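Please look over the sequence and the model below, and then follow this report, which goes from the pairing of the strands to the protein as a whole.

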Amino acid sequence: MTRIALIGLGAIGVETLRLLGNAAGIELAGALVANRDAAGERHGVPLFADIEALISAGPDLVVECARQAALAEFGPRVLEAGIDL
């Protein structure tokens, strides 16, 4: 089972969740979102407000579904933690 987490839960993130939710061998570890209140729990995955919480969820892979600034901000920490990005 591969645990996948997302950075961002806008249009791209929601579609990615939809597609991954039907994939065999995939477990959704959660998503890092800028505003947990706006995202709510409607997507059925844990929502994280900071990168350390997302890393603590133990994903095998993090998929960036946000913007380039989010990748620049969070990507180095994901890679430092030994998680594929």
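## Strands that pair

Two strands are said to pair if DSSP finds at least two bridges between them. By that rule, β1 and β4 form a pair in this predicted model, since four bridges join these strands, which run parallel. One of the positions at which they meet is I4, whose bridge partner in β4 is L61.

Strand β1, which covers residues 2-7, also pairs with β2, residues 26-32, again in the parallel sense and over six bridges. Within this pairing, R3 has E27 of β2 as its bridge partner, while L6 is matched with A31. Between the two strands the chain passes through helix α1, residues 11-21, and the β-α-β crossover made in this way is right-handed.

## The sheet and its edges

On to the remaining strand: β3, residues 47-48, runs parallel to β2 and is joined to it by two bridges, with L32 standing opposite F48 of β3. Taken together, the four strands make an open sheet with parallel pairing, in the order β3-β2-β1-β4. Because β3 and β4 (61-64) stand at the edges and have a single partner strand each, one side of each is left without a neighbour in the sheet. In general, the strands of a sheet pair through backbone hydrogen bonds, and they may do so in a parallel or an antiparallel way.

## Helices and the order along the chain

How many helices and strands does the protein have? There are four helices and four strands, and, when the sequence is read from its beginning, they follow the pattern β-α-β-α-β-α-β-α. Helix α4, made of residues 68-80, lies across β1, β2 and β4, and it runs at about 150 degrees to β1.

## The protein as a whole

For 85 residues, a compact globule would have a radius of gyration near 12 Å, and the protein, with 12 Å, therefore agrees with that expectation. Its C-alpha atoms fill a box of roughly 30 × 30 × 20 Å, taken along the principal axes.

Of the 85 residues, 35% count as buried, and the protein exposes about 4800 Å², of which carbon and sulfur atoms supply 53%. Among the contacts with a separation of 6 or more, 53% are accounted for by residues that lie 24 or more positions apart.

Note on methods. Residues numbered from 1 in each chain as written. Predicted model: local features only at pLDDT ≥ 70, side-chain atom pairs only at ≥ 80, totals over all residues. Heavy atoms only, no water. Right-handed = clockwise from strand over helix to strand, strands pointing away. Contact = heavy atoms within 4.5 Å. Axes fitted to C-alpha atoms, helices over the stretch in contact; angles between N-to-C directions. Rg over C-alpha atoms; globule rule 2.2 N^0.38 Å. Buried < 20%, exposed > 50% of the residue type's maximum accessible area, 1.4 Å probe, protein only. Areas by Shrake-Rupley, 256 points an atom, 1.4 Å probe, with all protein chains shown as cover.
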